[in-house]
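Me: Got a minute to go through a model with me? I want to talk about helix packing and empty space.
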Amino acid sequence: MSIALLIIAGAFAGALALGIRARSGREMSLEQWTVGGRGFGTLLVFLLMAGEIYTTFTFLGGSGWAYGKGGPAYYILCYLTLLYVVSYWLLPPIWRYAKENRLFSQPDFFAAKYGSRGLGLVVALVGLVALVPYLVLQLKGLGIIVSTASYGAVSPTLAILIGAAAVTAYVMVSGVHGSAWTAVIKDLMILFVVAFLGIYLPLHYYGGYGAMFEAIEAGKPGFLALPERGQSPTWFASTTLLTALGGYMWPHVFVSVYTAGDPRSFRRNAVLLPVYQLILLFVLMVGFTAVLQVPGLTGADVDLALFKLALQSFPPWFVGVIGATGVLTALVPGSMILMSGGTLVANNLVRPLRPGLTEAGTARLAKISVPLIALVSVGVTLHGGETIVQLLLMGYNFVTQLLPALVASLLRTNPLTARGALAGILVGVAAVAATSLGGLTLAGLFPFLPGPVQDINVGFVALALNVAAAGIVSRLDRPRRG
């Protein structure tokens, strides 16, 4: 066994042990398992929220897009900054309402706000549909990381199976506590590794950032700028805004809000996280370094840019360190996704159909659901071909359809009825499904529109239809409600 593989195996074992150890001394009730007893301090909430930044997307998608797309990759930095600005105002009222009503999941919030179990059921289904591609993203990234960093000693399929088994085990035992404590180690490692790679590699191959960008511009003129069509400035702005608006609509991110012991944690984090996420600049620098040093990667292989460059630049032991860090970037968000998925199934799909199900019984069912969701996601992972960024963008378009109903529910006077909110979500999700499965764009749907308008992210069409349907149905619904 190579030194790289030993280090990666140690990361798996350490994450599993720490995740299981995190439950020590606690009875894993539904509240403890899902939201940590609503007692996490600023640091743990910070790390859970930072899990949205530092996933396998950090290692593979960010560098892969810088390598394959060039200038458009900067949207990643922009949307995360806007996301945290939104959180300053959005998260405290969500936390207060969830605490007052002892909510455990995202659908609980919608069902309680609108007084509609049916709406909660639909939100749960939308959440599950969106979570599967997000978990697939983590597992797909895990397979790439382990297989490449182990120099092919472990196949992607075996890595995915081992990773899914490990994360399933500690989620079932420790719930959100396991995710939080594993996140501590993950963030310490990724800060060191990503910063080192982003500084060392451009200096090593080009002598500095300026020389690197000059070389890329000479070799691939215009690569570092936004193109006039396609991923143009209009696409950049619309995609940045759409993903920022949808960031906290992911079920596992939404429920992490419930774990806080104090709403002031969110506002502290809203100040710190935009600075913290600047570390992603180093990820982009790695991708740009690879453009001329590892030429020829196309399609889904662009996600290999970071590791292809690492393999030719570092000794096996350090490649193992990079791989171990990458493993943790998959396991931590993967654990939150599995836990949220299990809660959605037990608490929001089954419990409404079985009113006599106790909280303890719901907790047991949630834990049992975790390996089932993991199996489905593994199956999709092994048979899917999308690149990591495309998976992420598709999921964002789905969950963003929950935003209009959420924002309306936080207003003093909610302009939407339960039927209106339900209609908006259904219309928006149907539009996302139609455009995603059909590969449709505004340019294809409306070829007569001006070029810049055609480049607007098609997810905005779904969001506009969502708002229109919600408003119309609510307007028609209110007179009948008297």
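What follows is a quick chat about helix contacts, a pocket and the cavities.

Me: What kind of model is this, and what are the ground rules?
Reply: This is a predicted model: local features need pLDDT of at least 70, side-chain atom pairs count only at pLDDT 80 or more, and totals for chains, interfaces and linings use all residues. Residues are numbered from 1 along each chain as its sequence is written, and side-chain values use heavy atoms, with hydrogens and water left out.

Me: Start with α1 and α9. At what angle do they pack?
Reply: About 135°, with the axes 8 Å apart. α1 covers residues 3-21 and α9 covers residues 176-206. Helices here are DSSP runs (H or I, at least four residues), numbered from the N terminus. Axes are lines fitted to C-alpha atoms over the stretch in contact, and angles run from 0 to 180 degrees between N-to-C directions.

Me: So what do we call that arrangement of α1 and α9?
Reply: The angle makes α1 and α9 oblique to each other. Under 35 degrees counts as roughly parallel, over 145 as roughly antiparallel, 65 to 115 as roughly perpendicular, and the rest as oblique.

Me: Is the crossing of α1 and α9 left-handed or right-handed?
Reply: Right-handed. That label applies if the near helix is turned clockwise from the far one by less than a right angle; anticlockwise is left-handed.

Me: Which residues meet there?
Reply: From α1, A15, L18 and G19; from α9, G178, W181, T182 and I185. Contact means heavy atoms within 4.5 Å. By class, the residues are four nonpolar, three polar and no charged. Ala, Val, Leu, Ile, Met, Phe, Trp, Tyr, Cys and Pro count as nonpolar, Asp, Glu, Lys and Arg as charged, and the others, Gly among them, as polar.

Me: Now α14 and α15. How are they set?
Reply: α14 (residues 280-293) packs on α15 (residues 305-313) at about 70°, with axes 9 Å apart. That makes the two helices roughly perpendicular. Their crossing is left-handed. V286, T289, A290 and Q293 of α14 touch A305, L306, L309 and Q312 of α15.

Me: And α6 with α19, what's the geometry?
Reply: About 50°, with axes 11 Å apart; α19 is residues 403-410. The pair is therefore oblique, and the crossing is left-handed. F109, F110, K113 and Y114 of α6 meet A405, L406, A408, S409 and L410 of α19. That contact has seven nonpolar, one polar and one charged residues.

Me: Switching to holes. What is the volume of the second largest pocket?
Reply: About 310 Å³. Of its 15 lining residues, D108, R117, N347, R351 and P352 are the closest to the centre. On a 1 Å grid over the protein atoms alone, a pocket is an open set of points with protein on both sides within 12 Å along at least five of seven lines, a cavity is a set where a 1.4 Å probe fits but cannot get out, and lining residues have an atom within 4 Å of a point. Points are joined across faces, edges and corners, and a volume is the space filled by probe spheres set on them.

Me: Which helix gives the most to that pocket lining?
Reply: α7, with three residues. The lining has six nonpolar, four polar and five charged residues.

Me: How many cavities are there of 30 Å³ or more?
Reply: Seven. The second largest has a volume of about 80 Å³. Its lining includes L135, G163, A330 and A374. α7, α8 and α16 each supply at least two residues. By class, that lining is nine nonpolar, three polar and no charged.
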